Amino acid sequence: MNFTYLHRMVIDLFLIMNWLSEATAHVPLDVAQLYQPLKYQLNQKESNKGSSRYSANWTSLDSRPLPQWYDDAKIGIFIHWGVFSVPSYGSEWFWNYWKKGIPDYVQFMQQNYPPDFTYQDFAAQFTAEFFDPVQWAEVFNAAGAKYVVLTTKHHEGYTLWPSKYSWNWNAKDVGPKMDIVGDLKLALELMSPKIKFGLYHSLAEWFNPEYLQDCQNNYTTNTFPSTKTMPELYELVEQYQPSLIWSDGPFDGPDWYWNSTVFLAWLFNDSPVHDQVVVNDRWGNNVLCKHGSYYTCHDRWNPGVLQDHKWENAMSLDKHSWGYRREAKVGDFLTIHELLEQLVSTVSCGGNLLINIGPTHEGIIPLIMEERLRQLGQWLEINGEAIYNTRPWAVQNDTDTKGVWYTRRNETVYALVLAWPKENILTLGSLTTTSNVNISMLGYDQLCTHRWQHRSNFKSRAIPDIYVVTCRW
């Protein structure tokens with residue numbers, strides 16, 4: 001029997017059993033009624049009765065403590081997948097750039113498609129015939145990821161779940177004819193239950209007529225968020241119960257246009273995930289890097305210094321795109337050393353690393369991306385103790401040796417060295433030790449305390465030869 005088909009049978013059977021067990025006990029909420037942009041009822045449900053309640057304003061919402069799982073997790077996988085994966089040229093912003101007349105994109109279409117070809121025509125070619133969510137889950141688990149964030153809807157408006165607010169522009173109606181969000185969620189629950197499931201969702205849609213009309217009205221109307229974007233978000237939360245919501249796309253329009261605080265108050269008070277969900281900072285063009293469970297500030301943000309608020313470095317293995325590109329060269333992808341540098345510097349400064357991949361339209365994770373993820377997992381098998389569940393130390397990077405970053409867990413301090421020192425002599429200027437301090441090396445089963453030498457203004461250590469240490473990078 002085909003292995004992929006067998007996986008699909010297991011997932012479908014799990015879905016049927018789950019539905020049968022809950023059908024008599026759970027009546028789904030009417031999403032349209034749940035969304036009340038002009039009136040929010042704080043006593044709407046009893047799910048958070050007796051604990052702190054949050055009002056629909058940033059002062060109240062920002063007072064909510066960050067769920068600990070997110071600060072402990074450190075590593076997530078971002079998945080950019082959609083209709084843009086079909087042309088797979090230039091960027092996931094393909095449609096926008098083509099319609100704006102950017103020459104490379106216009107020329108690409110002229111050379112490869114007939115004159116009357118539309119972007120919507122690409123959707124039928126988004127086939128996902130090799131999409132194996134169980135295999136994806138195995139890769140993410142091997143990478144050491146603790147959460148996954150899937151693009152449920154990018155700025156093109158195409159949804160990867162059968163949303164009733166995106167008729168005939170979703171993966172169930174056109175393209176692969178499947179609920180991609182649901183299939184991946186179930187595969188993670190079956191194969192990697194410790195990985196948290198997160199969902200990316202774009203507030204804006206480039207060419208949605210209702211959105212463009214609201215923009216033209218200078219946001220004095222909010223037809224688009226009231227009838228499209230916010231109902232989608234309630235639908236996603238009720239149906240898939242994500243542990244993380246990665247909002248994006250408020251190019252224009254402040255938070256009050258999107259009714260973001262109303263949604264977040266419901267999310268934190270009364271939603272099925274009110275006690276564990278975390279959200280980012282992209283809920284309006286006036287919110288970025290100011291409000292949210294954690295900050296992203298801008299794409300590929302790695303400040304290199306300790307921040308006073310939890311943050312995330314959302315970056316891509318492809319240096320130039322978030323979506324899959326057929327024209328990409330091998331040098332366009334991060335090496336494992338570059339990826340580890342991003343991870344170590346991010347975690348040392350209190351951030352999480354969200355590593356993006358871009359699958360093909362058939363549903364294949366490009367081999368170079370899978371290789372990077374598996375290499376990362378191999379490194380974490382030895383060094384994960386210095387990453388997961390850690391917190392920033394008093395010093396982030398060493399004062400004497402470049403490429404050394406510090407983390408701590410309880411009373412243990414970890415020095416993460418990105419380059420093997422010359423002649424096996426490591427100098428650390430930020431450490432002060434005493435005679436009762438034990439010094440060891442991950443991947444080496446002997447104490448290194450006896451190798452440590454104290455000098456007047458620095459400390460040095462002769463570390464073992466690289467060939468006796470269980471580590472490749």
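## A seven-strand sheet and what surrounds it

Seven strands come together here as an open sheet, with parallel pairing and the order 5-4-3-2-1-7-6. Strand 5 (278–279) and strand 6 (311–316) sit at the edges with a single partner strand each, so one side of each has no neighbour in the sheet. Please keep in mind as you look around that this is a predicted model.

Let us start at one of those edges. Strand 6 runs parallel to strand 7 (residues 351–357), and six bridges join the two. Within this pairing, Glu312 stands opposite Asn352 of strand 7. Helix 8 (residues 180–191) packs on the sheet, where it touches strand 1 (75–79), strand 2 (147–153) and strand 3 (196–202). The direction of helix 8 makes about 170° with that of strand 2.

### Strand 1

Strand 1 is a good place to pause. It pairs in the parallel sense with strand 7 over five bridges, and Ile77 has Ile355 of strand 7 as its bridge partner. Strand 1 also pairs in the parallel sense with strand 2, over four bridges; there, the bridge partner of Ile79 is Leu150.

How many of the five residues of strand 1 are buried? Five of the five are, so the strand is largely enclosed by the rest of the structure. Ile75, Ile77 and Ile79 point one way from the strand, while Gly76 and Phe78 point the other way.

### The nonpolar cores

Ile79 turns up again in the largest nonpolar core, which has 79 residues. Together with Phe140 and Ile355, Ile79 touches the most other members of that core. Helix 13 (residues 336–348) gives the most to this core, with six residues. Another core lies apart from it, made of 27 residues that include Tyr54, Leu61, Met230 and Phe263.

What does Ile79 touch, leaving aside its neighbours within four places in sequence? Its contacts include Trp136, Phe140, Val148, Val149, Leu150 and Leu184, and also Asn356, Ile357 and Pro359.

### A buried serine

Now have a look at Ser243, found in the loop between helix 10 (223–240) and strand 4 (244–248). Is Ser243 buried or exposed? Its relative accessibility is 6%, and buried means under 20%, so Ser243 counts as buried. The side chain of Ser243 makes a polar contact of 2.8 Å with the side chain of Gln276. Not counting residues up to four places away in sequence, Ser243 touches Gln276, Val277 and Val278, as well as Trp69, Lys196 and Phe197.

### Charged pairs

The model has 19 salt bridges in total. Here are three of them, with the distance from N to O.

| Salt bridge | Distance |
|---|---|
| Arg325 and Glu327 | 3.5 Å |
| Asp71 and Lys74 | 3.6 Å |
| Glu338 and Lys319 | 3.8 Å |

Take the pair of Glu338 and Lys319. Glu338 lies in helix 13 and Lys319 in the loop between strand 6 and helix 13, so this salt bridge ties together parts that are 19 residues apart in sequence. Glu338 has a relative accessibility of 29% and counts as partly exposed. Lys319, at 33%, is partly exposed too.

In the pair of Arg325 and Glu327, Arg325 counts as buried at 9% relative accessibility, whereas Glu327 is partly exposed at 25%. Some salt bridges share partners: they join Asp71, Asp72, Lys74, Lys310 and Arg391 into one network. Within that network, Asp71 and Lys74 are both buried.

### A hairpin

One last stop lies further along the chain. Strand 8 (residues 404–409) and strand 9 (residues 412–417) pair in the antiparallel sense, over six bridges. The two strands form a hairpin with two residues between them. Arg409 stands opposite Thr412 of strand 9. In the turn, Asn410 has a positive phi of about 55°.

Definitions and conventions:
Residues are numbered from 1 along each chain as its sequence is written. This is a predicted model: local features need pLDDT of at least 70, side-chain atom pairs count only at pLDDT 80 or more; totals for chains, interfaces and linings use all residues. Side-chain values use heavy atoms; hydrogens and water are left out. A nonpolar core is a set of buried Ala, Val, Leu, Ile, Met, Phe, Trp, Tyr and Cys residues joined through side-chain atoms within 4.5 Å. Buried means under 20% relative accessible area, exposed over 50%, partly exposed in between (1.4 Å probe, protein chains only). Contact means heavy atoms within 4.5 Å. Two strands pair if DSSP finds at least two bridges between them. A polar contact is a pair of N or O atoms within 3.5 Å; within protein, one must be able to donate a hydrogen and the other to accept it, and residues adjacent in sequence count only if both atoms are side-chain atoms. Axes are lines fitted to C-alpha atoms, for helices over the stretch in contact, and angles run from 0 to 180 degrees between N-to-C directions. A salt bridge is a side-chain nitrogen of Lys or Arg within 4 Å of a carboxyl oxygen of Asp or Glu.
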